[in-house]
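Student: I am new to this structure and would like a close look at one part of it. Could you help me find my way around?

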Amino acid sequence: MRAIIIGATSGIGEEMARQMLDEGWQVGVTGRRVDRLDALAGAHPGKVETAAMDVTDPLSAEATLATLIERMGGADMIVLSSGIGKFNKDLETGPELETLDVNVTGFTHMALAAMRYFAGQGQGHLVIISSIASRRGDRAAPAYNASKAYQARYAEGLRKWAARRGLDIAVTDVQPGFVDTAIVQGKVFWLQPVDKAVRQIMAGVKARRSRVVVTRRWRLVAWAMERVPESLWHRM
Ligand SMILES: NC(=O)c1ccc[n+]([C@@H]2O[C@H](COP(=O)([O-])OP(=O)(O)OC[C@H]3O[C@@H](n4cnc5c(N)ncnc54)[C@H](OP(=O)(O)O)[C@@H]3O)[C@@H](O)[C@H]2O)c1
């Protein structure tokens with residue numbers, strides 16, 4: 001199996017690459033920190049293709065993805081893990097728009113490029129790492145939660161698009177709770193080790209599930225988040 005992971009220089013994307021490599025997959029990895037891509041490739045000779053990519057330069061990123069697919073002789077799965085989140089308690093405009101550049105505009109370009117490629121070859125699997133933050137708006141980083149809601153709904157739309165065309169394309173929306181990676185700022189609770197979270201993500205992805213929420217206790221939190229009345233949500 002051949003997978004391309006966009007945003008594999010650290011965190012969830014990097015750990016997905018490692019676990020896939022352990023299972024014998026051929027992996028293509030992208031991100032801006034090329035030294036980290038090279039380190040992964042160096043540790044798995046002949047198994048990893050690397051490409052520098054910044055999704056905020058979307059046309060160049062699309063061209064890079066096409067070249068990477070070609071170098072790998074095709075791709076069965078594309079994972080969209082690139083993402084940023086910025087605390088913005090003073091509601092400045094800059095951090096919100098930077099978040100949208102990566103998590104909405106860049107994301108959309110890459111999701112569409114992946115779907116067009118899979119539609120052309122008649123099959124494939126798109127994996128989107130959104131978040132349980134998609135379930136409610138929050139004060140610390142309003143654009144982050146909104147961008148994750150966008151990604152989750154976008155995944156649903158792409159899944160329906162493929163189904164109506166009778167295409168064998170799976171779209172999995174992965175919604176993690178807090179995972180111990182660089183994106184997490186400040187004090188948080190129930191921080192999951194990245195290897196454990198990714199093991200559970202991989203199980204759901206391999207089953208081609210539409211939505212994977214990790215870990216089990218965060219599944220319960222996600223369920224509760226949607227049911228908490230607004231008056232109580234405002235106090236949390
Ligand atoms: N950790 C959590 O608690 C958690 C929970 C729910 C969802 N998520 C989601 O999981 C995904 C992965 O995050 P993570 O937790 O693994 O954090 P991370 O370690 O910070 O990983 C973020 C990845 O995104 C890439 N990225 C950021 N900006 C980019 C850009 N402009 N172009 C290309 N790649 C870019 C980074 O690569 P470079 O910096 O090298 O470009 C890095 O590989 C994100 O979408 C995040 O929202 C995380």
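Student: Which helix supplies the largest share of the lining of the largest cavity, and how many residues come from it? Please take a close look at that cavity and then at what surrounds it.

Tutor: Happy to help. Please keep in mind that this is a predicted model.

Helix 4 supplies the largest share of the lining of the largest cavity, with 4 residues. A search of the whole structure finds 1 cavity of 30 Å³ or more, and the space in the largest cavity comes to about 60 Å³. To find it on your screen, look for the residues of its lining, among them Ile6, Leu80, Val102, Phe107, Ile129 and Lys148. Helix 4 covers residues 93–121, and along with helix 5 it gives at least two residues to this lining.

Now let us look at the stretch that leads into helix 4. Serine 81 sits in the loop between strand 4 and helix 4. With a relative accessible area of 16%, serine 81 is buried, because buried means under 20%. Setting aside neighbours within four places in sequence, serine 81 is in contact with Ile6, Gly7, Ile12, Gly13 and Ile129. Two of these names, Ile6 and Ile129, also appear in the lining of the largest cavity.

Lysine 86 belongs to the loop between strand 4 and helix 4 as well. Its relative accessibility is 31%, so lysine 86 counts as partly exposed. Apart from residues up to four places away in sequence, lysine 86 touches Pro95, Glu98, Thr99, Ala140, Ala141 and Gln185. Lysine 86 and glutamate 96 are 10 residues apart along the chain, and their C-alpha atoms are separated by 7.7 Å.

Next comes threonine 93, which is found in helix 4. Threonine 93 has a relative accessibility of 54%, so it counts as exposed. From C-alpha to C-alpha, threonine 93 and alanine 143 are 9.8 Å apart in space, although 50 residues separate them in sequence.

With the loop and the helix in mind, step back to the sheet. Its 7 strands form an open sheet with parallel pairing, in the order 3-2-1-4-5-6-7. Strand 3 (48–52) and strand 7 are the edge strands, each pairing on one side only. From one strand to the next, the twist averages 15°.

Strand 1 (residues 2–6) and strand 4 (residues 77–80) pair in the parallel sense over 4 bridges. In this pairing, isoleucine 4 stands opposite isoleucine 78 of strand 4. Helix 3 (residues 58–71) packs on the sheet, where it touches strand 1, strand 2 (26–31), strand 3 and strand 4. The direction of helix 3 makes about 165° with that of strand 3. Helix 6 packs on the sheet too, touching strand 4, strand 5, strand 6 and strand 7, and its direction makes about 160° with that of strand 7.

Helix 5, which you met at the cavity, leads us further along the sheet. Strand 5, helix 5 (residues 142–164) and strand 6 make a right-handed β-α-β unit. The chain then crosses from strand 6 through helix 6 (residues 194–206) to strand 7, and this β-α-β crossover is left-handed. Strand 5 (residues 123–129) and strand 6 run parallel and are joined by 7 bridges, with glutamine 123 opposite aspartate 168 of strand 6. On its way to the edge of the sheet, strand 6 pairs with strand 7 (residues 211–214) in the parallel sense over 4 bridges. There, proline 176 stands opposite valine 214 of strand 7.

Strand 6 itself spans residues 168–176, and 8 of its 9 residues are buried, so this strand is largely enclosed by the rest of the structure.

One more space is worth finding: the second largest pocket, which holds about 180 Å³. Its lining includes Ser134, Ala149, Arg153, Glu156, Asp173, Gln175 and Arg211. Helix 5 and strand 6 are the elements that give two or more residues to this lining. Of these, helix 5 gives the most, with 5 residues.

To retrace the route, start at the largest cavity, where helix 4 supplies 4 residues of the lining, and finish at the second largest pocket, where helix 5 supplies 5 residues.

Conventions
Residues numbered from 1 in each chain as written. Predicted model: local features only at pLDDT ≥ 70, side-chain atom pairs only at ≥ 80, totals over all residues. Heavy atoms only, no water. Buried < 20%, exposed > 50% of the residue type's maximum accessible area, 1.4 Å probe, protein only. Pairing = 2+ DSSP bridges. Right-handed = clockwise from strand over helix to strand, strands pointing away. Axes fitted to C-alpha atoms, helices over the stretch in contact; angles between N-to-C directions. Contact = heavy atoms within 4.5 Å. 1 Å grid on protein atoms, 1.4 Å probe; cavity = no way out; pocket = protein on both sides within 12 Å on 5 of 7 lines; lining within 4 Å. Points joined across faces, edges and corners; volume = space filled by probe spheres on them.
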